[in-house]
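Biologist: Before I plan any bench work, I should like the reasoning behind each label in this model to be set out. May we take the terms one by one, asking what makes each of them apply?

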Amino acid sequence: MTWKSTFRDRVLSGMAFLHSEFMGRKESVRFRTTQGSSITYVYDTDVIGAYTNPWETGPEGSDGWGYGQLLPRSESVANSTPLRQRQFEDGNAWHVARILSEQALRAHSESNEETIGIVMFGPHLSEIEWRQKRLVDSALSHVGKDTTFLGRDAFREQTEKTLERLLSSGASDDEVLTYASRRMETSLLEHFDGRSRDNRAAENFDILKRRFGPFVSFGEISKSLPSVGELPDFLEVETLARKVLTGFWTKRLAGQKFAGHNQGRFLRQNFRNDVDVLVELALVNRRLLELSVPHRIVFVTGDRNLVKSTYQIDHSELRREIREVLLATASHGYLDSADKNRTIMLGKGLETYFFRSNSDPDSKYASRDWMSNFSYHYVRHFWAVAGEALIETNETRAFQDLFHGLFARRGNWVRDSRRSIEELVLGGPDYERDEEFDDFDPEVCVEKWNSLTASRIRDARAAEFGIDKNLRSEISETERSDRILSKPKSIVDTLVEFTNRRRDRVMLALSDLGAIEVLRSLRAGGEYQDIVFISLFKTMELIRKLCTPNYYSSDTVDRFLSDFESVKEDCFGHDREDEFDDRQLSHLKFLLLAVIFASSDKWDAAFGHARRAQNVIDRSTDPIPVKVGSPSNMSGRESQFMLSICMRKRAVKPEDFDHAMRYLEGAKSALKEDKSINPDTNVDFHVTRFLNEELATKLGKYYYLRARDPDGDPSTFAEPAGAVYALLQSSSASFEKILDEHISGHYSLPRGYPPLTVDCIALNVLQVLVVSVFRKESILGSKHNGRFDRLCTQSLIWLNERRKTPDHLETAKTTVYRKVAGSLMPDERFERFNSEDELEKWFSEPSGLIYNKNLDLPEYELWRRKALKSFAVSVLQKS
């Protein structure tokens with residue numbers, strides 16, 4: 001059985017494709033919002049076709065191209081659905097195609113201060129002009145003739161009559177909107193012959209140009225781009241590069257041509273057009289890199305096969321093309337076969353052109369090898385906007401992370417690994433296995449996806465056929481609107497919150513599967529974060545079990561799922577079977593999933609889930625109900641605290657640490673709210689936690705600044721190091737108190753709760769000690785009146801005791817700092833490294849700090865680990 005031969009594999013591949021394109025969309029937004037950077041979007045013909053002819057391009061099947069069928073149609077109903085229901089589903093697909101194409105076309109206006117029109121490459125512009133002329137000719141040929149097309153006004157009148165009849169009968173909101181949508185769709189499908197379709201398509205062309213401007217040739221736009229005319233050597237190499245790219249894309253596109261069913265394109269009559277467009281796209285972006293111009297040309301298409309042909313670009317393929325071009329040009333006299341030096345020179349020029357570009361102005365994110373990131377940076381399927389157009393509401397539009405929990409196992413420290421997702425999309429022999437996503441139920445996932453998009457499609461239909469906000473408000477006042485909002489302003493508010501909750505449930509269902517995959521692959525001794533829910537007993541119990549080594553594993557998936565569902569017992573409505581108000585439950589589940597993903601260093605997924613948890617709080621205009629008698633308060637304290645941790649861990653620029661501190665300030669404000677609601681809140685304990693996270697953030701900023709200048713004079717970093725020392729000094733009393741309590745057995749938390757706070761404090765104290773000695777300004781001794789000596793001693797005593805606890809497994813990071821710090825202390829009772837071999841294993845073995853060479857660590861974190869290793873070796877040698 002081959003990859004994507006089953007419905008399950010097609011659904012997984014489809015979700016992976018959407019996730020990959022969502023990440024590409026976020027990358028485009030990130031680049032565009034970088035100061036001084038800009039993007040020109042160039043559109044393929046099928047994006048235009050999805051806008052003008054969605055009834056033809058949206059549905060999947062013999063008469064449709066499937067541009068509105070984002071996931072495969074459920075197999076359980078595909079062969080048994082009545083014709084009318086099938087027509088209704090096809091209608092949904094064409095609405096999706098229209099919504100997504102409109103949002104994709106809107107993207108060009110966000111990238112240009114002045115509207116320049118719809119930019120297209122020459123070959124595609126010729127295709128679309130031919131299509132437009134044919135439609136105009138068809139419309140003119142039917143002037144004065146009868147048409148069965150039911151006009152927009154007639155639709156509106158018919159819809160209003162239907163709604164009046166439903167409202168007078170006392171129907172519910174859902175029944176009103178669903179029936180109205182079906183009625184409109186049925187009428188449309190019954191009165192839509194070929195002539196009226198051409199008329200409507202011609203009308204849509206006019207609407208398109210009025211909204212987004214005229215069609216513009218990229219050739220005209222490119223005249224305003226910087227020229228490489230003063231780089232003759234580059235131009236000579238580019239001439240050969242064009243031949244290399246032509247051969248490369250020809251083979252790539254031919255390989256994808258028959259790779260999937262109905263994944264081609266609308267109006268694709270010339271395979272050569274696609275090759276020419278991809279060649280031109282590569283050449284112009286490479287010129288911009290050569291000139292260090294912070295601008296990109298991004299090609300937006302609806303052809304899945306074309307997009308997939310740009311995935312997973314292999315160096316060996318390009319090198320084969322380079323060899324063939326060099327041999328061919330030499331044999332045709334362009335190169336003198338005897339002039340080996342010239343051949344070598346041009347060969348090296350092509351090598352530099354494709355593989356060693358050092359001019360990328362975005363070198364932080366882009367590989368020097370720009371072709372490996374070709375799809376990520378320069379090609380986008382128009383489904384990439386599905387996140388903002390179909391899934392998210394205005395409050396969450398910036399998130400676009402529906403699937404990163406599902407695919408978290410393939411992520412890394414800073415962000416999702418897009419190339420790893422591309423592998424899942426393309427499949428192949430390596431994926432003919434069942435161990436990954438073993439618990440994935442494609443029918444359930446497709447059903448949930450359809451339920452999520454249905455409400456947004458319904459809104460779009462209502463807007464299209466004239467059901468305005470006033471009418472929807474009138475509908476909302478009839479019955480049952482208070483089941484979503486206690487005091488809804490309008491049905492719009494109700495529908496938005498309904499969509500938010502449905503999206504949360506869908507994402508949680510997908511992320512549950514992702515969490516299972518992470519737990520199965522979790523390395524021993526994963527580092528769990530200091531999240532505290534003292535009054536939520538089931539939630540607290542789940543965190544305790546997560547911190548217990550090997551409690552959850554590949555053999556105990558059912559145990560985890562049962563415990564995860566038991567969190568509902570901490571929440572309002574826990575004894576109800578229906579989905580009444582599950583905002584508290586969604587908040588807790590998102591936060592617990594963030595903890596799980598963080599434990600395996602999947603920080604992008606952790607951050608996204610923590611942000612979803614906080615969004616439940618932020619978007620709520622009415623109080624979120626909690627379990628009767630529970631002292632819990634939905635303030636967002638722990639979600640803001642988790643966001644602070646994630647932002648610190650993902651930091652790639654100095655401002656990220658400031659952003660982390662803003663999240664921490666939010667947690668402090670939420671603590672005040674907690675205290676006002678529940679006087680028994682242990683404020684001192686939480687304040688100590690926040691002080692410790694602030695210390696971790698200042699340490700992170702010191703590491704970051706130090707890593708930017710690894711060979712610099714350590715004395716030049718006195719200010720950030722001094723900020724670390726000053727905070728430790730002002731916090732020392734609080735830290736000493738909590739360490740004393742736990743060493744003596746007088747816990748601030750209920751017994752059995754993992755003392756993560758104390759572990760984190762002790763580790764951070766030892767980090768400060770190591771930094772101070774590394775900088776030859778030790779915090780120990782009389783210089784500081786012995787203030788820190790006892791604190792360091794307490795930290796070592798605590799960590800020494802903790803490692804002996806049966807339900808605790810010390811991480812490699814803690815072991816290294818504990819033993820290195822032990823070597824720095826005058827007290828001989830503390831454990832230290834005895835040999836370099838012993839030290840080496842804590843860095844190089846599978847659970848070590850620098851084991852995975854492909855782990856995408858932030859630069860400052862990688863520097864810290866390498867510097868720690870060098871420092872530990874020097875301390876060992878001196879001792």
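**Reasons behind the labels**

Modeller: Let us begin with Tyr 43, whose bridge partner in β6 is Val 300. Similarly, Tyr 41 has Val 298 of β6 as its bridge partner. Please bear in mind that the model is predicted.

Biologist: What makes β1 and β6 a strand pair?

Modeller: Two strands pair when at least two bridges lie between them. Strand β1 (residues 38–43) and strand β6 (residues 295–301) are joined by six bridges and run parallel, so the criterion of at least two is met. On its other pairing, β6 forms three bridges with strand β7 (residues 379–381), also in the parallel sense; there Thr 301 stands opposite His 381.

Biologist: Why is β6 called largely enclosed?

Modeller: Because seven of its seven residues are buried, β6 is largely enclosed by the rest of the structure. His 295, Ile 297, Phe 299 and Thr 301 point one way, while Arg 296, Val 298 and Val 300 point the other way, and all are buried. In a regular strand, side chains alternate between the two faces of the sheet. Strand β1 is likewise largely enclosed, since five of its six residues are buried.

Biologist: Arg 296 carries a charge. What makes its charged end sit over the ring of Phe 31?

Modeller: The charged end lies 3.8 Å from the ring centre, and the distance cut-off is within 6 Å. The charged end of Arg 286 also sits over a ring, that of Tyr 353, at 4.9 Å from its centre.

Biologist: Why is the pair of Phe 248 and Trp 249 called edge-to-face?

Modeller: The structure holds 25 aromatic pairs. In this one, the centres are 4.9 Å apart and the planes meet at 70°; planes over 60 degrees apart count as edge-to-face, so the label follows. Both residues are buried, and ring pairs link them with Phe 374 and Tyr 378 into a cluster.

Biologist: Why, then, is the pair of Tyr 703 and Trp 863 called tilted?

Modeller: Its planes are 45° apart, with 6.4 Å from centre to centre. An angle under 30 degrees would count as stacked and one over 60 as edge-to-face, so 45° is tilted. This pair links distant parts of the chain, with Tyr 703 in helix α28 (residues 683–708) and Trp 863 in helix α34 (residues 859–878), 160 residues apart.

Biologist: How do you know whether Tyr 703 and Trp 863 are buried or exposed?

Modeller: Buried means under 20% relative accessible area. Tyr 703 is at 5% and therefore counts as buried; Trp 863, at 16%, counts as buried too.

Biologist: And what makes Glu 443 partly exposed?

Modeller: Its relative accessible area is 23%. Partly exposed covers values from 20% to 50%, so Glu 443 belongs there. Glu 443 is in helix α19 (residues 442–464), and its C-alpha atom is 9.9 Å from that of Pro 72, 371 residues away along the chain.

Biologist: Which residues have the most contacts inside the largest nonpolar core?

Modeller: They are Trp 249, Phe 354 and Phe 374, in a core of 227 residues. Beyond its neighbours within four places in sequence, Trp 249 is in contact with several residues, including Val 275, Leu 278, Ile 313, Met 371 and Phe 374. In soluble globular proteins, nonpolar side chains tend to be buried together. Across the 879 residues of the protein chain, 58% are buried.

Notes:
Residues numbered from 1 in each chain as written. Predicted model: local features only at pLDDT ≥ 70, side-chain atom pairs only at ≥ 80, totals over all residues. Heavy atoms only, no water. Core = buried A, V, L, I, M, F, W, Y, C linked by side-chain atoms within 4.5 Å. Buried < 20%, exposed > 50% of the residue type's maximum accessible area, 1.4 Å probe, protein only. Contact = heavy atoms within 4.5 Å. Helix = DSSP H or I, 4+ residues; strand = E, 2+ residues; numbered from the N terminus. Phe/Tyr/Trp six-rings, centres within 6.5 Å; stacked < 30°, edge-to-face > 60°. Lys NZ or Arg CZ within 6 Å of the ring centre and 35° of its normal.
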